[in-house]
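Here is a briefing on one structure, grouped by topic. Please keep the sequence and the 3D view open while reading.

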Amino acid sequence: MIKVAFYDTREYDRPAFERFGTQQDISFRFLEAKLDEDTVELARDCDAVCVFVNDTVNAAVIEKLHAYGVRLIALRSAGYNNVDLQAAFGKVHVVHVPAYSPYAVAEHAMALLLTSVRRIHKAYIRTRDFNFSLNGLTGFDFHGKTVGVIGTGKIGRIFVNICRGFGMRVIAYDAYPAADSGIEYVSLDELFRQSDIISLHCPLTEETRHMIGRDAIERMKKGVVIVNTSRGALVDAEALLEGIKSRKVGAACLDVYEEEADIFFEDRSGHILNDELLARLISMPNVIVTSHQAFLTEEALSNIAETTVNNILSCFRNDGLCDNELCYRCGQMDRCRKERKEKCF
Ligand code: NAI
């Protein structure tokens, strides 16, 4: 039996992990606590820890895991910026889930967009209150409008196809345009100038941080709708708020927010929200915020659990090789031994 301490457990995590784990002789200890220097002790008698985006896996935590004999950190996410890979190298193996459901995210982007433009969120509240007035609910047709897609990877391309199904004209910008994709690529400047709707599907890097800022918004069409299901810091939230207040931005649909780390995923309904900017954005009639929910479908949860269980099995059974292993040296490909079908260390 492989024993795994499962940190930061949410109610929606358990069914799929219990299902796949039991089939494979893996026992998950579901913990509500996030992993950090105070809670690492809870993994003392375990073979592995399973962590998510807000767990802290720094050098001090890794040192303790190593001392307890924990041999694997299994991320149940694609991103791994919360793990000190350099500190882990040579001590504890690290695996992740590179992809789980691009459809989930692309479909959520369209769900937000339709909700916002057709005012479904307002209509829902009105009719529950037996208010059947249509005043203020006028939307616009998607058919014939131009949508600008930034980042045409797995999620972006699915979003492109969904938009085409609505009869929209799709233009795109990508730092590495996909050859033979049939997508009309334009410069970022052209995309800003031509698009009625802009949807972000590129990763957060130093280059893309605040790519939607004051200058970009200035170049956009009046009334533009901005959709962000990618990473919060792609958008300068202060500039967005200004754009909304000045009526330049027609609407914003946000599944991510730059300062979401201590806010999203938690029930804060009984508390005073300390983030003035987020509170102001949420108060706007043309802003919809969801709490990093785009990935949350049955299929994605099942894929995350299945891949994580397979990652754990690969590391503890057979030859210990795992395709989804991350290591410090993978960032330095000339020295990566995995290329030669060896273990990372
Ligand atoms: P991907 O790696 O398949 O595609 C990313 C695309 O962005 C690639 O085509 C790449 O060439 C392009 N790109 C890279 N640098 C760029 C730049 N400077 N400007 C424009 N394009 C650039 O990634 P995938 O799976 O499509 O995911 C996209 C993003 O979605 C992720 O980076 C992640 O931040 C976000 N995401 C959000 C989730 C949510 O629940 N809200 C869940 C999963 C992913």
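A polar contact is a pair of N or O atoms within 3.5 Å; within protein, one must be able to donate a hydrogen and the other to accept it, and residues adjacent in sequence count only if both atoms are side-chain atoms. A polar side-chain atom of R231 meets that distance, lying 3.4 Å from an oxygen atom of the ligand.

This is a predicted model: local features need pLDDT of at least 70, side-chain atom pairs count only at pLDDT 80 or more, and totals for chains, interfaces and linings use all residues. Residues are numbered from 1 along each chain as its sequence is written, and side-chain values use heavy atoms, with hydrogens and water left out.

**Ligand site**

- The ligand has 23 residues around it (a heavy atom within 4 Å). K154, I155, D174, T229 and D255 come nearest.
- Backbone atoms take part too. An N or O atom of the K154 backbone is 2.9 Å from a ligand oxygen. For I155, a polar backbone atom lies 2.8 Å from an oxygen atom of the ligand.
- On its own the ligand has 860 Å² of accessible area (Shrake-Rupley method, 1.4 Å probe; for residues, only the protein chains shown count as cover). The protein covers 82% of that area.

**Nonpolar cores**

- A nonpolar core is a set of buried Ala, Val, Leu, Ile, Met, Phe, Trp, Tyr and Cys residues joined through side-chain atoms within 4.5 Å. Buried means under 20% relative accessible area, exposed over 50%, and partly exposed in between (1.4 Å probe, protein chains only).
- The largest core has 58 residues. Those with the most contacts inside it are F28, I150, I212, M220, L240, L281 and I312.
- Helix α11 (residues 298–316) gives the most to this core, eight residues (helices are DSSP runs of H or I, at least four residues; strands are runs of E, at least two; both are numbered from the N terminus).
- F28 touches V4, F6, F17, G21, V309 and I312 (heavy atoms within 4.5 Å), not counting residues up to four places away in sequence.
- A second, separate core of 24 residues includes A5, V40, I62 and Y68.

**D196**

- D196 sits in the loop between α7 (188–194) and β9 (197–200).
- Its relative accessibility is 18%, so D196 counts as buried.
- The D196 side chain makes a polar contact of 2.9 Å with the side chain of K221.
- Beyond neighbours within four places in sequence, D196 is in contact with K145, T146, K221, G223, V224 and V225.

**T115**

- T115 lies in helix α4 (residues 102–117). T115 counts as partly exposed because its relative accessibility is 22%.
- Leaving aside neighbours within four places in sequence, T115 contacts I120, H121 and I288.
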